[in-house]
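Here is a note for a colleague who is meeting this structure for the first time. Please keep the sequence and the 3D view open while reading.

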Amino acid sequence: MTRPLLAGVCLLTTLLGCSATPPAVATPPAVAAQPAPSAESSSGAASPAGVRYHATELRPGDCIEPMPESFMVTVVPCTVPHSAEYGAMYVIADGPWPGMAEMRRLSENGCAPRLRYVASRREEVGLMQLFPLEQDWPRTRTAYCLAVAGNGGMLVGRVLK
């Protein structure tokens, strides 16, 4: 089954916001993703521990390593160190392009109540979203919600129910 491809997304942390320039290695990325060729969306193993997919092909509970810098993500077992866990999606209301600041707010407000954290791990995680950019609006209105390590480190095991 083929899922629709998202032409443009932006990685966003509630602490960093979006940026066109990659951040320092020690902080979670907040970069505009570049579209990858669609032929790679289900091309198979990227490494012995993971499988590469287009970001729009994520399913709740998928663990991601490394944090994507493009639309291509590598899904790994949650038992190995990973950068994020995909939890939910949120469809942003139709209307004119809200601007980047409002898009950040809308996607954060839409994602925050949709993530169900494992109670014992709640204090160690933060929220990050993948959301459409202006050139993709209104054709694409979906934000993808990710749990990430709050300290910028790695997660091991599931952090979402």
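The numbered points below go from the reliability of the model to its strands, disulfides and cores.

1. Reliability of the model. What is shown is a predicted model, and its confidence should be read before anything else. The average pLDDT over the chain is 74, and 68% of the residues reach a score of at least 70. Residues 1-48 need particular care, since pLDDT stays under 50 throughout that stretch, although the model still gives these residues 115 contacts beyond four places in sequence.

2. Overall make-up. The chain contains one helix and eight strands, and read along the sequence these elements follow the pattern β-β-β-β-β-β-α-β-β. Of the 161 residues in the chain, 47% are buried. Among the contacts with a separation of 6 or more, 63% are between residues 24 or more positions apart. The accessible surface of the chain comes to about 8000 Å², and carbon and sulfur atoms account for 56% of that area.

3. Strand pairing around β8. Strand β8 is paired with β6 through seven bridges, and the two strands run antiparallel; V91 has T142 in β8 as its bridge partner, while Y90 is partnered with A143 in β8. Strand β7 is also joined to β8, by six bridges and again in an antiparallel arrangement, with L127 standing opposite A147 in β8. How many of the residues of β8 are buried? Eight of the eight are, so β8 is largely enclosed by the rest of the structure.

4. Strand pairing of β4, and the loop that follows. Strands β4 and β6 run antiparallel and are joined by two bridges, and the bridge partner of I64 in β6 is A84. P68 sits in the loop between β4 and β5, and with a relative accessibility of 4% it counts as buried. Although 16 residues separate P68 from A84 in sequence, their C-alpha atoms are 9.5 Å apart in space.

5. The disulfide of C63 and C78. The structure has two disulfides, and one of them joins C63 to C78, with an S to S distance of 1.8 Å. The link of C63 and C78 is right-handed, with 95° about the S-S bond. What does this pair tie together? C63 belongs to strand β4 (residues 63-64) and C78 to the loop between β5 (72-76) and β6 (84-91), so the disulfide connects parts that are 15 residues apart in sequence. Both C63 and C78 are buried.

6. The disulfide of C111 and C145. Another disulfide joins C111 to C145, with an S to S distance of 2.0 Å, and with -75° about the S-S bond the link of C111 and C145 is left-handed. This pair links distant parts of the chain, for C111 lies in helix α1 (residues 100-111) and C145 in strand β8 (residues 142-149), 34 residues apart. Are these two cysteines buried or exposed? C111 is buried because its relative accessible area is 0%, and C145 likewise counts as buried because its relative accessibility is 0%, the limit for that word being under 20%.

7. The largest nonpolar core. In soluble globular proteins, nonpolar side chains tend to be buried together. The largest nonpolar core here has 18 residues, of which I92, L115, Y117, V159 and L160 touch the most other members. At least two residues of this core come from each of β6, α1, β7 (125-132) and β8, and β8 gives the most, with four residues. Leaving aside its neighbours within four places in sequence, I92 is in contact with M103, L106, S107, W137, R141 and A143. Apart from this core lies another core, of 13 residues, which includes I64, V75, A84 and Y86.

8. Points to carry forward. Strand β8 recurs in several of the points above: β8 is bridged to β6 and to β7, holds C145 of one disulfide, and gives the most residues to the largest nonpolar core. I64 and A84 likewise return, as bridge partners and as members of the core of 13 residues. Any reading of residues 1-48 should keep in mind that pLDDT stays under 50 there.

Methods. Residues are numbered from 1 along each chain as its sequence is written. This is a predicted model: local features need pLDDT of at least 70, side-chain atom pairs count only at pLDDT 80 or more; totals for chains, interfaces and linings use all residues. Side-chain values use heavy atoms; hydrogens and water are left out. A disulfide is a pair of cysteine sulfur atoms within 2.5 Å. Buried means under 20% relative accessible area, exposed over 50%, partly exposed in between (1.4 Å probe, protein chains only). pLDDT is the predictor's confidence in each residue, from 0 to 100. Contact means heavy atoms within 4.5 Å. Two strands pair if DSSP finds at least two bridges between them. Accessible areas come from the Shrake-Rupley method with a 1.4 Å probe; for residues, only the protein chains shown count as cover. A nonpolar core is a set of buried Ala, Val, Leu, Ile, Met, Phe, Trp, Tyr and Cys residues joined through side-chain atoms within 4.5 Å.
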